[in-house]
Amino acid sequence: MKTLRLSLRDAPTVEAELALTPRSVVGLSTEEVSDLKVMHGNRETGLVDFFEISGETADQAGDQRIEITGDLAGFKSVGRGMEGGEIVVSGDAGLYAGAEMRGGSLVVDGDVSNWCGAEKAGGKIVVKGGAGAYLGGAYRGSRSGMTSGSIRVDGSVGDECGAWMRGGSIRVRGDAGRMLGIHMDGGSIHVEGDAGRYAGGAMTGGRVIVDGAVDPMATFRRGRDEDVEDEVYQRFLGDSAEGGDGEIMTPRRG
Amino acid sequence: MTICLVSSVSVAGERTGAEVVKNVTCPYCGLLCDDIDVYLEDGEISRIKRGCGLSNAKFVSEADRIESPAVREGEELHEVSYGEAIERAAEVLREAKRPDCYGWSSCSVEAQGLGIELMKEARGSIGSTSAVCHLPSVLAMQDCGAPKATLEQVRNRADVVIYWGSNPVEAHPRHFERVTRRADGYFVKGKDRYIAVVDVRETLSAKISDEFVKVEPGGDYEALQAMRSMLQGNEIEADEVGGVPVETLGELLGRMKDADFACIFWGLGVTMSGAKHRNVEALTSLAKELNDYGRCVSVPMRGHFNVAGFGQVCTWKTGFPGFVDFTGDEINYAPGENTSVDLLRRGGSDAMLLVGSDPAAHFPLRAVKRLREVPVVQVDPHPNATTRFADVVIPSALVGIEAEGTAYRMDTVPIRLKKVVDPPEGVRTDERIIRDVMGAL
Amino acid sequence: MELRIRNGHVIDPASGVNEVKDVLVRDGKVVDEVSRDAEEIDASGKLVVPGGVCPHSHIAGPKSNVGRLLRPEDGRKGTTSAGPGGGGGNFPESGFSLPNTYAIGYRYARMGYTTVVEPSMAPIEARHTHEEFNDIPIIDKAALPEVGNNWLLMRYLASGDTERAAAYAAWLIRATRGYGLKIVNPCGVEQWSQSGGNVMDLDQSVEPFGCTPRKIIEGCLELNEALGLPHSIHLHANNLGVPGNVETLLESMELASGHENDDRAVLHATHVQFNSYGGDSWGTMSSEGLSTAEFVNRNPNVTIDPAVVTFKDTTTMTGDAPFEYNLQKMTKGKYVGSDVGLEGGGGVVPFEYKPDNPVATIQWATGMEAALGVEDPWRVFLTTDHPNAAPFTDYPLIMSWLASAEERERIVSRVHPVVNRATAMGTIDREYTLEELVVITRSAPARAYDFEGKGHLGTGADADVAIYDIDPDDTDPSRQHQELRQKLQVANYTVKAGEIVQRDGEIKSEPLGSTHWVDATGAIDGHVWEDAMSDIGDHFQNYAIQLENYSVQEQYLPTGEVREVGV
Ligand code: SF4
Ligand SMILES: [Zn+2]
């Protein structure tokens, strides 16, 4: 594993598009990496305009690790579409972090914004802070969110977590916003905290586990209880407005 | 052969010295009534016929106008020549890395189209005020679709009409008259229609309808999903869903199921509360599924008279209904990312062109705070809260009264807007202003 | 401006030309002579043909636009940047099956097409169609208003009053700035509007109008010729998309017998692929593409276009509202229905034709059989009913299939095995020649619409020209089908009205082409006209728009070209 290090020197004044993945730096010299294009709003700039760059590049994406230090909230698309290797961000990341990812791993120390892991088809995302809306979800008009791989968020997540999700797994240590697992058709979401209103709406398949409070809608009916991780969970099946093959599981209390 | 292809027929009015322009389209709400008679005296509008209170206010009353182009120096706006204001506007766009443009719901499609071209040239983003009204309807359409219909279809056939989260009596005052309760259609008389209102409070519209169903705030989604489930023959175990007794939902569903032709008109109560676009999705899905029994369609009650037009022209020009971003090489469509309010909140834009809008009055505090920090160019007929800190202000003509063009009705039927009087001296149309900014860019 | 296209191999079937010669252009027209200063294009070893004429493609108006709105995921599939290095045009492109307006102009121009007809314009929304036309660069356009479910027309034709029906049709074509008459599932859409049903045969009456599909088709055949419209009636027959529907199509086409026109057919049956199925269920469904073709071979007053499927993830959109509703019940995906009061309706449903699916396989075969079975290429026009069977950008692919039995054999071996049982694809060895391909993509559709300056390169023709890197003397389309396809996909040059608009894929210039429309009101007698106008006035009581504001104003036709008939 070879490590390339980027240290944020100048934050962008408006959002910038960081189209940087392990594959995009493979085999490049440090100078070539410095010149990689970054769209800063409508201006074409280079990576070097924002970052101090050091370290080495690998011959294959799978052997490439990229460590980025600094607050990347102003950068969109961190690790978007990555196919292998590792990206580690010590700080926040902006919109679309790890979206469309197909392999490798992305670790963000801070928070991520909306559409983190959207339409992702592999790989692993770990977010140590919280996440915005549409975590593992789908882009506008698309009916296929995340299809495989995993996402872990240590904080809380926004609305529509796992929207149109087809496969893979999401684990949220904190709470989830409204419409958790909306239109979900496969895969699993495990929320250790509470879930907001309309959890499982329009769900057609897959499983949502909520350890904290959740209030399944009237279009969910009781199913058989089940043991999950050594605890007895109640099962709710729905959304019956859409055929009703999804599951919401929540610990039986009292 | 005497059919007149070109409109604008002026005939002698009833009063001497007065002139009347017939069949003028009202540029106020999304119903776009095109049967207004406008009476002119000495080149000024003296009164109108057939309009509602809202249109009367727009045609006849003297709202404040921006009198001259102006540019801010320090705390004050200073009058400048039109050319100078255009230059300054172009400069703002030129210098920005991420200019954003917002407004457009009270402009013609022609101006809106030019605005899209301008922002393409300026490599920025553009969206309409639908962001604060019916954007959720668009998002719902993109996930599921909808059974749509023109108002003609509803007027002639609908025997069951549901106003869900919409209050026509106050927001679209002639809707009852022109489309439902007092409109006699070919297959059904107005008075024979069953009209129900579903809302969180008993509005004026609810009071004069056959039925009022009270839903709790945020309860629409659950109620609608429950109705969809019941339609499929499922039993709902709860007594109440979304604050509505299940029995009541069942009765409402029964009405719609037994209808020859039902129509659901939905409004801001659906789009701007609770599950927002998922509410709309549930509503239009229900409408669609009802077509297994009789006919059922759905129509959004669009507010501003041409907010629908922006969605149309942006869709045909870019492939997407607004909230498009031209900063990269390719068009990027992303409401939630490119919506002006989100951009401002994230500090994503560094200049704003506002055409016919007042974000200072309607955006959340954090977005307004950022708006005050970035250069703002405002094109508007009227001064508003945003004018107080705009950096360049350019007065524009009132389209539909002082300028002609096209607008799209709530059912996306395009209607011609007429020009009945001249704009105040020195005031240009949106089209002209945008063209000039583009030229100066 | 003058242009000399030197030394190309010109194939211009309408003028009987298939030889190496120069094509000379001045002021947007083909001429006999140009000065020595004329700009020159060296076309040695290249194919020079008239600009393509697409007779049926849903490119503009409410249906196209609601399709785009419904499918941003399709929009994202085709995004490219503008300017040099990108597509060359002024505006970035988007969309695969649902291109934005600019991409429509650019993509047709890249393929060497210069004229396109939008075949289904909802009259009340005609203004919208024209607004989009004005944002589609380069190509010439025309649109056909839909009339098959129009209340007033149904009333007239139910009572056999073709005179007033003709007056109303002429009024409607002028009001919508349309070019001819489109009939979509006659009476079926009105039946759907009323009750959610459909009509199943030509004699099923829709009440209270007392009208039947037969009366609509027969009446329109008669009034179309009485008005002397340049195009025949354009028919989307009943029962579209249903196994066994070929009988309805044949019966409908049969109605053309007894009607005649010296210059063209009297009935165009469109996208016959969707209307040429045998069997009585999805399990017994078969291709009857050849039956339809054979009918055309026997009846010179009928033309067809096939709507060939190319196995893509595309979007269906038609004025056939009940069809789209039923389709979404199968796809269980997104759906837009759009009822247009008093005039018809429609719908949009995304659809993916998968080669391993038996129905899609039969559909592919049906379209191909129809195209291959018609002996006279002048009576079949290349279409995909864009975007219904495929996006129009697949025309070159289909041309390569028509030209190569070898390639078709390869496809037959790849698709669902039902192809052997339920279709005739294994038995057809006909191969289109280059000249025949030129006929079905240019000369024949131009003649069907009587676009006088289009589809040929004779003196006085519009200087719409496509130049391809294909040497007809040195190309065997049957063997070199792949090369043929690539070269037809991107013309070396596209010339529109004498101007080079496209070169090797890059847009060079984007003038706004003309919108062609027809004024046939001169063909109506004064008293008939007055009676009809008074009926129209009454009829408008049912509208939510004023009669005065209904007609499309001049402002929407900055490049309108009116064709007056009957004066
Ligand atoms: S209902 Fe709306 S469009 Fe009609 S007159 Fe009133 S404000 Fe104008
Ligand atoms: Zn078609």
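Here is a short tour of two protein chains, A and B, and of one helix in chain B. The model is predicted. Chain B has 441 residues, and chain A has 254. Let us take each chain in turn and then visit the helix.

**Chain B: build and outline**

- Chain B carries 17 helices along with 23 strands.
- Its radius of gyration is 23 Å, close to the 22 Å that the globule rule gives for 441 residues, so chain B is as compact as a globular protein of that length.
- If you follow the C-alpha trace of chain B along its principal axes, it spans about 65 × 60 × 40 Å.

**Chain B: inside and surface**

- Buried residues account for 66% of the 441 in chain B.
- Take the contacts in chain B between residues at least 6 apart in sequence: 66% of them join residues at least 24 apart.
- The accessible surface of chain B is about 14900 Å², and 46% of that belongs to carbon and sulfur atoms.
- On the charged side, chain B holds 66 negative and 50 positive side chains, with the centres of the two sets 2 Å apart.

**A closer look at helix α13 of chain B**

- Helix α13 of chain B covers residues 307-318.
- At 1.5 Å a residue, its 12 residues should span 16 Å, and the end C-alpha atoms are 17 Å apart, which agrees.
- Counting as buried means having under 20% relative accessible area. In α13(B), 12 of the 12 residues are buried, so this helix is largely enclosed by the rest of the structure.
- Among those buried residues are F310(B), W316(B) and V313(B), and also K317(B) and Q312(B).
- Just after α13(B) comes G319(B), with a positive phi near 95 degrees.

**Chain A: build and outline**

- Chain A has two helices and 18 strands.
- A compact globule with 254 residues would have a radius of gyration near 18 Å, and the 19 Å of chain A agrees with this.
- The C-alpha trace of chain A spans about 60 × 35 × 30 Å along its principal axes.

**Chain A: inside and surface**

- Of the 254 residues in chain A, 59% are buried.
- Among chain A contacts between residues at least 6 apart in sequence, 35% link residues at least 24 apart.
- Chain A exposes about 9000 Å², with 42% supplied by carbon and sulfur atoms.
- Chain A has 40 negative side chains and 28 positive ones, and the centres of these two sets lie 4 Å apart.

Notes: Residues are numbered from 1 along each chain as its sequence is written. Chains are lettered from A and ligands numbered from 1 in the order in which they are written. This is a predicted model: local features need pLDDT of at least 70, side-chain atom pairs count only at pLDDT 80 or more; totals for chains, interfaces and linings use all residues. Side-chain values use heavy atoms; hydrogens and water are left out. Helices (H or I, at least four residues) and strands (E, at least two) are DSSP runs, numbered from the N terminus. The radius of gyration is taken over C-alpha atoms; the globule rule is 2.2 Å times the number of residues to the power 0.38. Buried means under 20% relative accessible area, exposed over 50%, partly exposed in between (1.4 Å probe, protein chains only). Contact means heavy atoms within 4.5 Å. Accessible areas come from the Shrake-Rupley method with a 1.4 Å probe; for residues, only the protein chains shown count as cover. Lys and Arg count as positive and Asp and Glu as negative; His and the chain ends are not counted. The place of a charge is taken as NZ of Lys, CZ of Arg, CG of Asp or CD of Glu. The expected span of a helix is 1.5 Å times one less than its number of residues.
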